[in-house]
Amino acid sequence: MKLELRGITKRFGALTANDHIDLTIEPGEIHCLLGENGAGKSTLMNVLYGLYQADDGEILIDDVAQDFAGPGDAMAAGIGMVHQHFMLIPVFTVAENVSLGHEQTRLGGRLDLAAARAKVREISKRFGFDVDPDALVEDLPVGVQQRVEIIKALSRDAKVLVFDEPTAVLTPQETDELMATMRQLREAGTSIVFITHKLREVREVADRITVIRLGKVVGEAEPTASNAELASLMVGRAVELTVQKNPPGQGAESLVVSGLTVTDEVGTVVVDDVSFSVHAGEVLAIAGVQGNGQTELTEAIVGLQERVSGSARLNGRELIGRSVREILDDGVGFVPEDRSVDGLVKEFSIAENLMLDRSHGEPFVSRGTVRHGVLNAFAHEKIDEFDIRTQGPAQAAGRLSGGNQQKVVLARELSRDLSLFVAAQPTRGVDVGSIEFIHTRIVETRDSGIPVIVISTELDEAAALADRIMVMYRGKVVGIVPGDTPREELGLMMAGMSGAGAQSGETDA
């Protein structure tokens with residue numbers, strides 16, 4: 001099936017998100033749509049999928065113009081979409097989710113779940129997905145949930161599959177599995193539109209690359225193009241792809257964690273007797289496959305976990321057992337791993353989000369009343385300083401692209417007097433231009449003498465930012481190694497094997 005988009009234009013008020021875009025997807029190819037967050041990639045695909053109606057232009061399938069009034073029309077025409085944030089009902093089984101929207105019934109009008117189970121098994125066997133049709137979605141790892149989304153689309157005979165930032169929530173291993181799945185789909189004759197901003201992934205699987213910037217197609221490239229060439233097309237300028245930093249000016253131990261243990265609500269130990277230290281003026285990266293205790297460890301440090309034992313002393317002052325408010329007021333900055341759930345109130349304005357940590361007093365609140373003049377001046381300053389692409393401080397944070405939402409979180413957390421900065425997955429779902437900016441700000445924070453903890457499932461990021469890397473596996477510290485430790489050794493440690501150069505998990509540096 002050949003798919004063409006001709007002159008697609010989509011406006012939201014004064015903003016032109018797509019400006020006369022032409023795009024052709026040939027049968028059985030992986031076509032990568034590359035661009036910064038906010039460039040218009042997802043908007044274009046939402047037009048294709050019938051979620052938005054174009055203001056101008058047309059969609060053609062095998063040279064026949066289409067009129068999609070909604071996603072149902074797009075699916076009927078053979079177009080499927082795997083969204084970045086999965087469209088699954090957590091308390092339903094895989095089979096129930098797959099059948100939603102095109103339910104098969106038996107005599108008497110009863111839902112034919114047996115047919116849905118058979119369809120799941122058939123597609124799983126064909127592509128080696130190993131998905132249990134009777135499993136509850138909420139019990140599945142993120143990578144398997146994504147396979148359920150793919151099965152949903154293929155069960156409706158999709159000839160073109162759109163993947164919208166599909167690796168933003170995946171571990172490196174799950175990403176490799178997805179790349180293999182894409183190749184399988186291509187070999188089976190399915191065309192794929194792959195929306196991303198990750199250059200390594202583009203070069204690994206794309207047959208053709210189209211680059212979008214500020215709502216317009218600015219060029220096409222071959223997968224043989226260098227990272228620098230692709231980044232330049234995306235951003236419109238040369239981009240520094242390596243983190244520039246001087247040797248650390250380490251001071252005294254600022255954060256000392258000893259015997260920290262966290263249990264979940266059913267009593268399972270998820271952080272197991274962890275000890276380490278972070279010095280003033282250094283970046284300690286915590287690496288590991290997601291789900292090995294990193295999240296719970298950082299949440300324990302900032303007061304978000306209830307079942308915690310052990311000690312975490314910041315400049316001699318115990319953090320464990322104190323409230324989140326007390327810990328933040330002590331100068332701990334925290335960027336959570338999921339900005340949309342824990343980092344922002346999407347319905348609030350940018351200005352309101354920038355004052356969340358300090359909404360209980362000066363300088364933004366006086367005698368219970370918000371000082372709007374002070375807040376707006378502050379918001380304008382941070383919008384300029386952090387290059388937040390927005391229509392203004394009053395714009396709802398949820399209307400920003402992912403990269404700009406992350407900049408709002410960073411602006412808020414780095415605009416206080418800090419004694420510790422903790423950043424979990426700081427560039428997850430963020431484009432290359434914003435990654436450069438965020439990495440620079442993290443290094444500047446470290447260079448100002450503040451201890452920094454970065455939690456990242458991206459090995460390249462951990463190695464680029466870290467002065468030391470602590471690897472976790474099944475809730476334990478496998479070892480603490482220098483930031484320049486080879487990727488292969490780190491990979492072994494992430495699988496639970498101690499590296500040759502690893503220190504113990506004790507607090508020695």
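Gln 425 is buried in this predicted model, with a relative accessible area of 5%, and its phi is positive, at about 45°, although the residue is not a glycine. Gln 425 belongs to the loop between β19 (420-424) and α15, and α15 is itself a helix with twelve of its 16 residues buried, so that it is largely enclosed by the rest of the structure. The points below take up backbone angles, the two enclosed helices, the salt bridges, and two loop residues in turn.

**Positive phi values**

- Leu 214 is another residue other than glycine with a positive phi, here near 50°, and it is found in the loop between β9 (208-213) and β10 (216-221).
- Leu 214 is exposed, with a relative accessible area of 67%, whereas Gln 425 is buried at 5%.
- Glycines with a positive phi follow two of the helices: Gly 449 takes a value of about 95° just after α15, and Gly 303 takes one of about 90° just after α9.

**Helix α15**

- Helix α15 spans residues 432-447 and reaches 22 Å from its first C-alpha to its last, which is close to the 22 Å expected at 1.5 Å a residue for its 16 residues.
- The buried residues of α15 include the nonpolar side chains of Val 432, Phe 437, Ile 438, Ile 442 and Val 443, and the list also holds Glu 436, His 439, Arg 441 and Arg 446.
- Gly 433, Ser 434 and Thr 445 are also among the buried residues of α15.
- Asp 447, with which the helix ends, is partly exposed, with a relative accessible area of 46%.

**Helix α9**

- Helix α9 (residues 294-301) is likewise largely enclosed by the rest of the structure, because six of its eight residues are buried.
- Those buried residues are Gln 294, Leu 297, Thr 298, Glu 299, Ala 300 and Ile 301.

**Salt bridges**

- A search of the whole structure finds 32 salt bridges, and those described here include contacts made by Arg 446, Arg 468 and Arg 441.
- Arg 446 counts as buried at 1% relative accessibility, and its side chain meets that of Asp 447 in a salt bridge with an N to O distance of 2.7 Å.
- Arg 446 also forms a salt bridge with Asp 467, in which the closest N and O atoms are 2.8 Å apart; this pair links distant parts of the chain, since Arg 446 sits in helix α15 and Asp 467 in the loop between α16 (459-465) and β21, 21 residues apart.
- Asp 467 is buried as well, with a relative accessible area of 14%.
- Arg 468 forms a salt bridge with Glu 282, the closest N and O atoms being 2.7 Å apart.
- Because Arg 468 lies in strand β21 (residues 468-473) and Glu 282 in the loop between β12 (269-279) and β13 (283-287), this pair ties together parts that are 186 residues apart in sequence.
- Both Arg 468 and Glu 282 are buried.
- A network of salt bridges links Glu 381, Lys 382, Glu 385, Arg 441 and Glu 444, and of these residues Arg 441 is listed among the buried residues of α15.

**Asp 112 and its surroundings**

- Asp 112 is found in the loop between α3 (94-99) and α4 (113-127), where it counts as buried at 18% relative accessibility, because the cut-off for that class is under 20%.
- A polar atom of the Asp 112 side chain lies 3.3 Å from the backbone nitrogen of Ala 115.
- Leaving aside residues up to four places away in sequence, Asp 112 touches Gln 104, Thr 105 and Arg 106.

**A nonpolar surface patch**

- Ile 89, Val 91 and Phe 92 form a nonpolar patch on the surface, and together they have about 230 Å² of accessible area.
- Val 91, one of the residues of this patch, lies in the loop between β6 (79-82) and α3, and it is exposed, with a relative accessible area of 54%.

Definitions and conventions:
Residues are numbered from 1 along each chain as its sequence is written. This is a predicted model: local features need pLDDT of at least 70, side-chain atom pairs count only at pLDDT 80 or more; totals for chains, interfaces and linings use all residues. Side-chain values use heavy atoms; hydrogens and water are left out. Helices (H or I, at least four residues) and strands (E, at least two) are DSSP runs, numbered from the N terminus. Buried means under 20% relative accessible area, exposed over 50%, partly exposed in between (1.4 Å probe, protein chains only). A polar contact is a pair of N or O atoms within 3.5 Å; within protein, one must be able to donate a hydrogen and the other to accept it, and residues adjacent in sequence count only if both atoms are side-chain atoms. Contact means heavy atoms within 4.5 Å. Patches are made of residues with over 30% relative accessible area and no salt bridge: like charges are joined within 9 Å, nonpolar side chains (Val, Leu, Ile, Met, Phe, Trp, Tyr) within 5 Å. Accessible areas come from the Shrake-Rupley method with a 1.4 Å probe; for residues, only the protein chains shown count as cover. A salt bridge is a side-chain nitrogen of Lys or Arg within 4 Å of a carboxyl oxygen of Asp or Glu. The expected span of a helix is 1.5 Å times one less than its number of residues.
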